[in-house]
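Colleague: Please take a close look at chain B for me, and at how it meets its neighbours. Add whatever you have on the other chains where it helps to place the picture.

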Amino acid sequence: MTTTAGTRPTRAAHAASKRRFRAEALWGYAFIAPTGLGLAIFYLWPVVQTTYFSFTEWGAFGGHTWTGLDNYTRLIGDPEVGRALVNTLTYTVLGLVGIPLAIVFAALLNRPGLRGVSAYRTAFFLPVVTMPVAVAMLWRWLYNGDYGLVNQVLSVVGIDGPNWIADPATAMYALVVVGIWSSIGYNLIIFLAGMQAIPKELYEAASMDGAGSVRQFFRITLPMLSPTAFFISIVSVIGSLQLFDLVFVMTGSGQSARANPAYARLQTVVQLFYERAFVTNDRGYAAAIVIALLVLIAALTVLQFRLQRRWVHYV
Amino acid sequence: MSERRPIGVHAVLIASSLAMVAPFAWQIVTSLKTLSSATRVPPSLLPEGRWDNYAKVFDLLPFADQFLNTVVMAAGRVAGQVLFCSMAAYAFARLRFPGRNLLFGVFLSVLMVPPQLFVIPQYQIMSSLGWLNSLQAIIVPGLFSAFGVFLLRQFFLGLPREIEEAARLDGAGPVRIYWSIMMPLARPGLVALGILTLLWAWNDLFWPLVVNTDPEKMTLSAGLAALQGQYQTDYPILMAGSLIASLPVIAVFVFLQRQFIQGIAHTGTKG
Amino acid sequence: MWKSARSGAALLCAVLLASACGGGEQAGTGAGTQDKVTLSYGVWDATQQAVMQELGAEFTKTHPNVAIDVQLTPWADYWTKMKAAVTGGAAPDVFWMNGPNFQLYASNGVIKPIEEQVDTSVYPKGLVDLYTYEGKLYGLPKDMDTVGVWYNKTLFEAAKVTPPADDWTWADFKEAAAKLTDAKKGVYAIGAELTSFQEYQYNTIYQAGGHVISPDGKKSGYDDPKTIEGLKFWTDLIAAKQSPDLKTMTDTAPLQLFEAGKLAMYWGGSWNVAEFTKNDYTKDKVDVAPLPKGEKQATIIHGVANVVSAKTEHPAEAWEFVKFLGSKPAAGILGKKGPIPAYNGTQSDWVAAHPELKLQVFLDAVAYAVPYPVSKNTAAWQEAELTHLTKAWTGEVPVDKAAADLAAGMNDLLAKE
């Protein structure tokens with residue numbers, strides 16, 4: 001913030017700026033009030049409630065008795081929680097590959113004068129409106145151990161492919177591919193929007209200086225896109241840590257999911273939460289699991305925010 | 001402008017587009033099959049041309065009611081979020097007030113909560129408000145979004161301050177700056193939020209299913225889910241229904257994504 | 001420049017106003033029997049929705065002041081929604097209950113026991129016992145299902161195996177299985193599934209003379225050597241390659257393999273008749289035989305019951321409706337269009353619907369049927385069953401050890417109930 005050189009603020013000017021500051025502060029609160037109130041009632045209150053219940057034994061239909069830290073000590077010693085955490089973190093780390101992929105596609109789909117760009121963009125958008133059952137059916141067909149397309153292609157080069165979704169060694173990787181595939185559409189929308197906000201003048205100036213499109217991408221697009229990329233990375237990591245629907249849809253639910261020999265490598269933390277809360281009626285323990293996950297997500301998010309100074313470039 | 005190898009670009013895009021489109025194409029093919037053929041292994045690639053599956057969707061669901069519910073709910077959520085989230089995002093990005101960072105952190109923490117946690121508590125809130133089995137039960141919680149606030153805040157942060165400061169020096173207050181300057185400049189972000197909110201609202205299955213009981217009050221996704229029997233599901237009809245339901249969203253996207261082609265140069269001067 | 005936002009805000013207000021006027025409605029008005037009453041009826045099967053509505057209409061004919069609102073929730077979400085509804089005080093007045101969940105609801109006082117004396121001899125005893133908790137009956141059985149062997153006549157002929165006789169034994173079964181397996185053609189005798197204990201493991205366990213849970217519901221039966229014999233029935237089939245391995249069955253459900261002519265036999269519940277008579281491949285190739293006899297003959301019997309919510313505002317009307325649903329006329333309507341009704345003597349319509357199949361097998365099985373094993377928190381140890389036995393199915397852990405571990409885990413869970 002630059003002040004005009006030389007003059008010292010007078011008392012009157014001071015009072016005026018204080019009034020301005022208070023007015024601005026009041027406007028600030030007013031602007032955040034609607035969302036804040038809505039979030040508080042419908043979202044924060046349930047979190048507070050659930051945190052309370054995580055210290056209790058919570059009955060299937062209500063009713064609870066205080067048990068203190070029992071649920072948390074139990075969860076630390078529970079091997080199933082540990083495994084679910086490893087699975088979830090594996091998925092999260094591998095899923096980060098989807099972000100640079102989405103940026104590359106966004107850049108390609110943003111090239112000026114590209115013919116058929118509407119058609120391409122619509123194609124990239126379609127996974128997002130495809131019914132999850134259809135997505136699962138197709139991918140399960142591709143991954144099928146006996147007649148799946150992937151294994152048929154592999155057999156041409158003499159490799160006998162595994163049962164991708166049923167083999168503990170490959171199941172999570174197969175799932176990550178589907179996860180990345182389904183996330184590209186969403187991320188693309190946001191990156192395309194972010195690219196619109198980059199002033200054309202920068203590209204024009206660079207072209208006149210003789211920079212090619214690749215160089216422009218690395219020198220202009222990426223840095224200018226970094227606030228958006230930061231947003232996507234936060235949201236992607238949070239989404240990956242909360243993974244539930246994808247596994248549910250790909251491996252079936254309930255008993256058919258658990259009968260999968262690869263289940264121990266596929267079960268995510270939220271899936272474990274769902275099973276404890278709604279299937280085995282262990283609701284206090286489930287509350288502890290989800291609150292512990294929330295703390296972990298918060299920690300990782302804070303870490304990412306701290307790191308943003310290093311690579312995110314705000315105008 | 002370097003357009004040295006458009007063919008390379010097209011090749012990559014065509015290949016990737018095929019990968020993206022495949023399940024959607026599969027959905028279309030399956031919707032035209034008989035049930036026996038849809039579940040056969042190995043799957044057959046050619047459908048039997050059962051266009052009557054599409055007609056059956058309208059017999060099985062109160063389609064018009066559910067479509068209207070979905071449109072109203074989605075429109076409500078989009079309008080609400082675009083308005084409320086942009087207000088909060090602007091405040092967090094550009095206004096100064098005590099506790100701003102802390103409050104933003106609290107907003108963000110909502111995003112970190114796994115959504116499955118909310119089902120039962122929100123159901124109880126709806127029950128105590130007397131809103132079970134109603135439209136407002138599916139609209140109101142969706143008016144508020146931490147995701148939207150975060151997304152738009154990033155957009156607002158990326159906008160240059162010069163225009164704003166010029167307006168401020170001209171005596172404009174926060175409301176005017178927000179409405180006449182920041183919002184138009186953040187249009188790509190608003191459009192992105194609109195599309196995503198529309199998508200999530202349109203596909204929202206679990207919440208409308210749990211909180212509403214009359215098929216006439218349900219959304220399309222929830223109505224389609226109810227087509228699944230305990231032991232048998234008519235997949236072709238289900239997929240036909242889902243395709244019909246997704247047409248409006250695809251149409252909106254095709255229309256709106258042109259917004260992404262017109263860039264907005266915002267160095268402050270026009271022309 | 002920002003007209004769209006203004007119209008957006010206007011749209012938002014309009015939407016909120018419209019929905020506020022539409023409003024949520026509460027079901028059921030006065031408490032007097034002459035006032036108009038609407039009972040909500042929770043069901044989970046889309047294929048039975050029409051029959052349920054018909055039954056509701058029939059009831060209104062004799063009770064004109066009561067209307068029935070059938071509320072369908074898909075099976076996959078039924079219990080989650082029910083828990084939310086009960087916790088929120090908004091459970092349906094009458095709803096479907098199944099064996100595994102029954103004791104949870106009864107022991108928590110969520111459903112009302114039946115006060116009136118009813119004649120329960122008209123229902124299979126196994127089902128009446130299933131829905132009795134601490135000596136009180138809570139629901140009237142609506143339908144029943146037993147398990148039989150669905151088999152592919154064409155594959156049997158091709159392998160020159162005579163179709164199963166009514167009194168065939170485990171030995172006969174194993175002999176047939178060996179002959180029916182044709183590795184070259186990719187045909188297996190049967191799929192040793194893990195996703196449906198009701199159709200597979202529980203049956204062989206009881207046939208071997210073992211048990212899943214002690215009669216008082218406090219001890220696991222998985223450490224009983226006879227139970228382990230029942231489990232080995234299946235793992236032996238996988239080891240002998242007469243069944244696909246678990247990974248293959250995870251990739252492709254045995255039902256689909258059966259419908260593709262890759263499995264000669266499919267142990268399945270009576271409810272599969274709708275599927276197999278409609279499927280293009282099976283409809284002219286399939287028939288059904290009773291389960292083979294081990295040390296004794298056994299099949300699992302299960303059925304849905306209609307129960308009344310403890311917090312219903314219309315207990316009298318709700319009970320009248322449940323009584324109607326459990327009556328002979330209602331069973332008659334059900335039998336024509338739905339599953340096997342539970343009321344004795346009304347099942348002939350169901351059998352007659354498909355004279356080309358030996359459906360009588362399912363009714364005869366009631367004579368030696370064992371009720372579905374349950375406890376207060378059935379879901380908890382059913383999860384443990386899968387966790388431990390999956391390892392036995394893949395061969396990672398020998399069956400004896402897996403069963404012993406399961407028994408220990410299950411006993412821990414039962415102790416917590």
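Modeller: A word on terms comes first: residues are in contact when heavy atoms lie within 4.5 Å of each other. What follows describes a predicted model.

Chain B itself is built from 14 helices and has zero strands. Read from the N terminus, its elements therefore run α-α-α-α-α-α-α-α-α-α-α-α-α-α, given that helices and strands are taken as DSSP runs. The C-alpha trace of chain B spans about 70 × 65 × 30 Å along its principal axes. One peptide bond of the chain deserves a note: the bond from B:Val41 to B:Pro42 is cis, and its omega is near -15°. B:Pro42 sits in the loop between helix H2 (35–38) and helix H3 (52–60) of chain B.

I take the side towards chain A next. Here 102 residues of chain B are in contact with 89 residues of chain A. Together the two chains bury about 8,700 Å², and carbon and sulfur atoms give 76% of that area. There are two salt bridges between chain B and chain A. One of them joins the side chains of A:Glu24 and B:Arg96, with 3.1 Å from N to O. Polar contacts across the interface of chain B and chain A come to 14 residue pairs, with both residues at pLDDT 80 or more. On chain B, the elements that supply two or more residues to this side are helix H1 (6–31), H4, helix H5 (100–112), H6, helix H8 (146–157), H10, H11 and helix H14 (235–256). Of these, H1(B) gives the most, with 15 residues. Sorted by class, the side of chain B that touches chain A holds 76 nonpolar, 22 polar and four charged residues.

The side towards chain C can be set out in the same order. The contact takes 46 residues from chain B and 41 residues from chain C. About 3,700 Å² is buried between chain B and chain C, 64% of it on carbon and sulfur atoms. The rule finds zero salt bridges across this interface. Nine residue pairs, both members at pLDDT 80 or more, are in polar contact between chain B and chain C. The side of chain B that touches chain C draws at least two residues from each of helix H4 (63–94), helix H6 (119–129), helix H7 (135–139), helix H10 (174–185), helix H11 (187–203) and helix H12 (206–211) of chain B. H4(B) gives the most to this side, with seven residues. By class, the residues of chain B that touch chain C are 25 nonpolar, 18 polar and three charged. H4, H6, H10 and H11 of chain B are thus named for the side that touches chain C and also for the side that touches chain A.

As for the neighbours, chain C contains strands. Three of them form an open sheet in the order E9-E8-E10, with antiparallel pairing. Strand E9 (265–269) and strand E10 (286–289) of chain C each have a single partner strand, so they stand at the edges, and one side of each is left without a neighbour in the sheet. On average, neighbouring strands of this sheet are turned by 35° against each other, direction ignored. Strand E8 (residues 147–152) of chain C pairs with E9(C) in the antiparallel sense over five bridges. Within that pairing, C:Val147 has C:Gly269 of E9(C) as its bridge partner.

Another open sheet of chain C has five strands in the order E2-E1-E3-E12-E6, and its pairing is mixed. Its edges are strand E2 (66–72) and strand E6 (139–141) of chain C; each has a single partner strand, so one side of each is left without a neighbour in the sheet. Neighbouring strands of this sheet are turned by 25° against each other on average, direction ignored. E6(C) and strand E12 (residues 305–308) of chain C run antiparallel and are joined by three bridges. C:Pro141 has C:Ala305 of E12(C) as its bridge partner.

Salt bridges over all chains come to 31 by this rule. One in chain C links C:Asp129 and C:Lys125, whose closest N and O atoms are 2.7 Å apart. Both residues lie in helix H5 (residues 125–130) of chain C, four residues apart, which is about one turn of the helix.

In chain A, A:Asn281 has a positive phi of about 60° although it is not a glycine. A:Asn281 lies in the loop between helix H14 (269–279) and helix H15 (283–311) of chain A.

Terms used: Residues numbered from 1 in each chain as written. Chains lettered and ligands numbered in written order. Heavy atoms only, no water. Buried area = accessible area lost by both parts, 1.4 Å probe. Salt bridge = Lys/Arg side-chain N within 4 Å of Asp/Glu carboxyl O. Polar contact = N/O pair within 3.5 Å; in protein donor to acceptor, adjacent residues only side chain to side chain. Nonpolar A, V, L, I, M, F, W, Y, C, P; charged D, E, K, R; others polar. Pairing = 2+ DSSP bridges. Axes fitted to C-alpha atoms, helices over the stretch in contact; angles between N-to-C directions.
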